[in-house]
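Hi,

Here is the structure I promised to pass on. Have a look at it, and then read on for what turned up.

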Amino acid sequence: MLYVKAPAKINLTLDVLHKRPDGYHEVEMIMTTVDLADRIGLERRTDGQIRIISADRYVPDDHRNLAYQAARLLRDTYGIKEGVTITLEKKIPVAAGLAGGSSDAAATLKGLNYLWDLKLTSDQLAVHGAKIGSDVSFCVYGGTALATGRGELIQELPAPPNCWIILAKPSIGVSTADVYGGLKINEVIHPKTKDMIRAIHEKDYELMCEAMGNALEAVTLKLHPEVSMIKEQMMKFGADAVLMSGSGPTVFGIVQHESRVNRIYNGLRGFCDEVYAVRLLGERDPLA
Ligand SMILES: C[C@@](CO)(OP(=O)(O)O)[C@H](O)COP(=O)(O)OP(=O)(O)OC[C@H]1O[C@@H](n2ccc(N)nc2=O)[C@H](O)[C@@H]1O
Ligand SMILES: Nc1ncnc2c1ncn2[C@@H]1O[C@H](COP(=O)(O)OP(=O)(O)O)[C@@H](O)[C@H]1O
């Protein structure tokens, strides 16, 4: 059995520029991976079948699973006769704005590249990833990056200033398509992407706190007012800055002093079942 980690991501900025002819939205977003991860187990099969094993009832165990789609894409593209059993140990909350499914797909691409000895580069895997979902290309590389296009065009960035992240996911699932669909482009408050890039290059934590912004928040907060309440509580318990990740509903708070992490974590546990205190992974995995 080959094991591969599939880390979650958060969006430090998420800007939506316009709707594209293909129905997607042109985005400009800065994403970074955190040390909350699914674990993917890959085992070769001689029957050519792709099988998913997952204990999480919210995760499909058939062709709808993004890890399944990743395996099928490589098997069919490269004429692989073998199959694979994919065991998903889910730790990332589902439909949370943390790219759990996308990260599982990226981990499966990387693991099968090794298992089936395909010798594909990260760039080649990222191109395949984009066929599975807009966030999968970023998940192939990991680390920190500016994503543009529909999210599949990746420009690597250095690690952001070091800090703790507290993630709080209310017990609601959010459809990414519904959130993008609910966006009024002419009302978008554009985040300060350039300031965030400067904050990352200069390791300026205060500027990073100021520059955080997510154009999709306006839609999700209207659909789910409890997300606003979680943001307020996160600030009340001492976070330096707070933002919703991706299409939500997960809210993340950032804090530099470890002494405050427990207070925020314990405070949010009163409101959310799924609360995590995590670190930024920052740079790309050199072995990726
Ligand atoms: C919102 C973001 C922000 O990082 O992440 P999550 O909240 O899902 O983690 C991403 O843009 C989500 O990426 P991903 O979840 O891969 O989206 P996809 O499966 O490609 O698309 C799902 C649906 O979202 C909408 N969509 C997605 C990406 C994009 N740039 N424009 C869109 O309009 C489309 O309706 C599409 O059919
Ligand atoms: N491997 C997977 N892990 C989680 N969800 C998956 C997976 N494959 C497909 N899905 C489906 O994709 C939807 C969104 O998954 P996820 O990537 O966790 O959300 P988000 O994109 O908001 O982070 C879920 O509702 C789930 O049914």
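To start you off: is Asp47 buried, partly exposed or exposed? Asp47 is partly exposed, because its relative accessibility is 41%. Before going on, please keep in mind that this is a predicted model.

**Salt bridges**

Asp47 has a charged partner: its side chain meets that of Arg45 in a salt bridge, with N and O 2.7 Å apart. Arg45 also counts as partly exposed, at 21% relative accessibility. The cut-off for buried is under 20%, so Arg45 at 21% falls outside it.

That pair is one piece of a longer story, since the structure holds 17 salt bridges. Another of them links Asp38 with Lys90, where the closest N and O atoms are 2.6 Å apart. Asp38 sits in strand β2 (residues 25-45), while Lys90 belongs to the loop between β4 (83-89) and α2, so this bridge ties together parts that are 52 residues apart in sequence. Both ends are out of the way of solvent by the numbers: Asp38 is buried at 1% relative accessible area, and Lys90 counts as buried at 18%.

Then there is a trio. Asp117 and Lys119 come next below, but first note that Arg20, Asp22 and Glu26 are joined into one network by salt bridges that share partners.**The loop between α2 and α3**

Asp117 is placed in the loop between α2 (100-115) and α3 (122-132), and Lys119 is found in that loop too. The side chains of Asp117 and Lys119 meet in a salt bridge, at 2.9 Å from N to O. Are these two residues buried or exposed? Asp117 is exposed, and so is Lys119; for Lys119 the relative accessibility is 64%.

The backbone here is worth a look as well. Asp117 has a positive phi, near 50 degrees, in a residue other than glycine. Lys119 is not a glycine either, and its phi is positive at about 55 degrees.

**A cis peptide bond**

Where does a cis peptide bond occur? It joins Gly248 and Pro249, with omega about 0 degrees. Pro249 is found in the loop between β9 (241-244) and β10 (251-255).

**Ligand 1**

Ligand 1 is surrounded by 22 residues, and the closest are His25, Ser134, Arg150, Tyr180 and Ser247. Some of the polar contacts are easy to find on screen:

- Tyr180 brings a polar side-chain atom to 2.7 Å from an oxygen atom of the ligand.
- Arg150 has a backbone N or O atom 2.8 Å from a nitrogen atom of the ligand.
- Asn11 has a side-chain N or O atom 3.1 Å from an oxygen atom of the ligand.

Taken alone, ligand 1 exposes 700 Å², and the protein buries 82% of that.

The backbone of Arg150 has another partner: the side chain of Glu152 reaches its nitrogen at 2.8 Å. Glu152 lies in the loop between β5 (144-149) and β6 (153-157) and is partly exposed, with a relative accessible area of 21%. Beyond its neighbours within four places in sequence, Glu152 is in contact with Ala130, Ser134 and Ser137. Ser134 also appears among the closest residues to ligand 1.

**Ligand 2**

How many residues surround ligand 2? There are 19, the closest being Lys90, Gly97, Ala99, Gly101 and Asp104. Lys90 will be familiar from its salt bridge with Asp38. As for polar contacts, a side-chain N or O atom of Asn65 is 3.2 Å from a nitrogen atom of the ligand. A backbone N or O atom of Leu66 lies 3.0 Å from a nitrogen atom of ligand 2, and a backbone N or O atom of Ala95 lies 3.0 Å from an oxygen atom. On its own ligand 2 has 540 Å² of accessible area, of which the protein covers 79%.

**The nonpolar cores**

In soluble globular proteins, nonpolar side chains tend to be buried together. Here the largest nonpolar core has 69 residues, and Ile86 and Met234 have the most contacts inside it. Leaving aside neighbours within four places in sequence, Met234 is in contact with several residues, including Ile166, Ala168, Val242, Phe252 and Leu268. A second, separate core has 29 residues; among them are Ile165, Leu167, Ile200 and Ala211.

That's the tour. Happy browsing!

Conventions:
Residues numbered from 1 in each chain as written. Chains lettered and ligands numbered in written order. Predicted model: local features only at pLDDT ≥ 70, side-chain atom pairs only at ≥ 80, totals over all residues. Heavy atoms only, no water. Helix = DSSP H or I, 4+ residues; strand = E, 2+ residues; numbered from the N terminus. Buried < 20%, exposed > 50% of the residue type's maximum accessible area, 1.4 Å probe, protein only. Contact = heavy atoms within 4.5 Å. Polar contact = N/O pair within 3.5 Å; in protein donor to acceptor, adjacent residues only side chain to side chain. Core = buried A, V, L, I, M, F, W, Y, C linked by side-chain atoms within 4.5 Å. Near = heavy atom within 4 Å. Areas by Shrake-Rupley, 256 points an atom, 1.4 Å probe, with all protein chains shown as cover. Salt bridge = Lys/Arg side-chain N within 4 Å of Asp/Glu carboxyl O.
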